[in-house]
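Me: I have a structure open here and would like to talk it through before going back to the bench. Could we take it piece by piece?

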Amino acid sequence: MADDDIMIEDDAIALEDTDDSVQADIGVSSIIPFIQERYQKAEDYRYQDEERWIRAYRNYRGLYGPDVQFTEAEKSRVFVKVTKTKTLAAYGQIVDVLFANNRFPLSIDPTELPEGVVADVHFDPQEPEQLREQEDLTSPYGFRGDGRDLPAGATAKTLTEKLGPLEQKLDSVQDKLKEGPGQTPTAIEFSPAMVAAKKMQKKIHDQLDESGASKSLRSSSFEMALFGTGVMKGPFAEDKEYPNWNDEGEYDPLFKTIPKVSHVSVWNFYPDPDANNMDEAQYIIERHKMSRSQLRNLKKRPYFRSQVIDEAISYGENYTKKYWEDDLADYAPEHGVDRFEVLEYWGMVDVEMLQEQDIEIPKELQDFDELQANVWVCNNKLIRMVLNPFKPSRFHT
């Protein structure tokens, strides 16, 4: 795989596109009520949290709620924004810690016992004659427990093959290389495992910068300080357009698949209400508010059903405002919202239910009682349905 490629599961089990979803999706139609039921349950159970978030937002913005009444004698209605001062102070401290090095807070280091690449190698251009003689006297066969056991199929090139990114650079001194740290002051030591880890870290940081991960993390950190919860999701494969003009002056954009990391507002996040933590969660649902252009852009992402998306758009906008949305707009009610409501479901689904919906389960997964699936629903249409291609299948906090 090339360095700039993003691995996408070509053999993922996904629902195919169709011209007529009314007839083609009859077998999978029960998935939609299943998701709607879980979404409604999660929404009902988080009502108290929503009330707490609204109070926090009003205190931050300096707005009195409808439960605050003033008498005629009370002429002053000044709101002391203590919450805003405390929130911004906490947010500033969090950001200072996360972005202390002016980069996304993620680092990669090799494990204590790396596999597939040696931890350290060295060679000594001025190796003392005495050490060389001692090595010549050492038995080439070793002894049991000396830690020099060779794996099955090992050859003379085994050490070189484990040098990773340093293989070509150290090719000229291959015959002098020895595994392990240097034993003399003049020994030159290399750490292939560390070099490989830092190359991976550099690549990941470049991809995170492409997707604007730092901005998303700052947004999540702010909501964490204000509401007590911050949510990020990703990475997911997405095609990004790069402006480019050819030699003739014609616009010829470049498209590159990059990992996408985004911030999810707590207002649109609906986790499993029966779970004590995310490790126990059976599902999570994200509620999207999309325009026609945003909905059409989903066609560029893997496994979205283009023709079904067009069919869902033809039914018209279906977005329904929640009671808390006017509060977030500082009491500026909007009566008509020309947007689509899209539900994104990540969670466990019984294998029996999938089989009833005519979903072909691979042989290696048929022994499982349940599998994790990703389902997108808009206007009662399945615009994406695919078994979770990520391994292991679990949620992270």
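Me: Which residue in strand 9 is the bridge partner of Tyr-345?
Reply: The bridge partner of Tyr-345 in strand 9 is Val-375; please keep in mind throughout that this is a predicted model.

Me: How many bridges join strand 8 and strand 9, and in what sense do they pair?
Reply: Strand 8 pairs with strand 9, residues 370-378, in the antiparallel sense over 9 bridges. Strand 8 is also joined to strand 7, residues 283-290, by 8 bridges, and those two run antiparallel. In that second pairing, Met-290 has Phe-340 of strand 8 as its bridge partner.

Me: And is strand 8 enclosed or open, and why?
Reply: Strand 8 covers residues 340-350, and because 10 of its 11 residues are buried, it is largely enclosed by the rest of the structure.

Me: Switching to helices, how do helix 4 and helix 8 pack?
Reply: Helix 4, residues 82-98, and helix 8, residues 213-227, pack at an angle of about 140°, with their axes 9 Å apart. That angle makes helix 4 oblique to helix 8, and the crossing of the two is right-handed.

Me: Which residues make that contact?
Reply: On the helix 4 side they include Leu-88, Tyr-91, Ile-94 and Val-95, while helix 8 contributes residues including Leu-217, Arg-218, Phe-222 and Met-224.

Me: Now the loop between helix 9 and helix 10: what does Arg-301 touch there?
Reply: Arg-301, which sits in that loop, touches Phe-236, Ala-237, Glu-238 and Trp-376, leaving aside residues up to four places away in sequence. With Glu-238 it is 63 residues apart along the chain, yet the C-alpha atoms of the two are separated by 5.6 Å.

Me: What about the phi of Tyr-303?
Reply: Tyr-303, in the loop between helix 9 and helix 10, has a positive phi of about 70° although it is not a glycine. Most residues other than glycine have a negative phi. Asn-380 also has a positive phi, near 60°, and is found in the loop between strand 9 and strand 10.

Me: Are Tyr-303 and Asn-380 buried or exposed?
Reply: Tyr-303 is partly exposed, with a relative accessible area of 24%, whereas Asn-380 is exposed, at 56%.

Me: Last thing, what pLDDT does the chain average?
Reply: The average is 76, and 68% of the residues score at least 70. Over residues 1-10 the pLDDT is below 50, and that stretch has 17 contacts in the model beyond near neighbours in sequence. Residues 133-141 are also below 50, with 5 such contacts. Where pLDDT is low, the predicted coordinates should not be read in detail.

Notes
Residues numbered from 1 in each chain as written. Predicted model: local features only at pLDDT ≥ 70, side-chain atom pairs only at ≥ 80, totals over all residues. Heavy atoms only, no water. pLDDT = per-residue confidence, 0-100. Contact = heavy atoms within 4.5 Å. Buried < 20%, exposed > 50% of the residue type's maximum accessible area, 1.4 Å probe, protein only. Helix = DSSP H or I, 4+ residues; strand = E, 2+ residues; numbered from the N terminus. Pairing = 2+ DSSP bridges. Axes fitted to C-alpha atoms, helices over the stretch in contact; angles between N-to-C directions. Parallel < 35°, antiparallel > 145°, perpendicular 65-115°, else oblique. Left-handed = near helix turned anticlockwise from the far one by under 90°.
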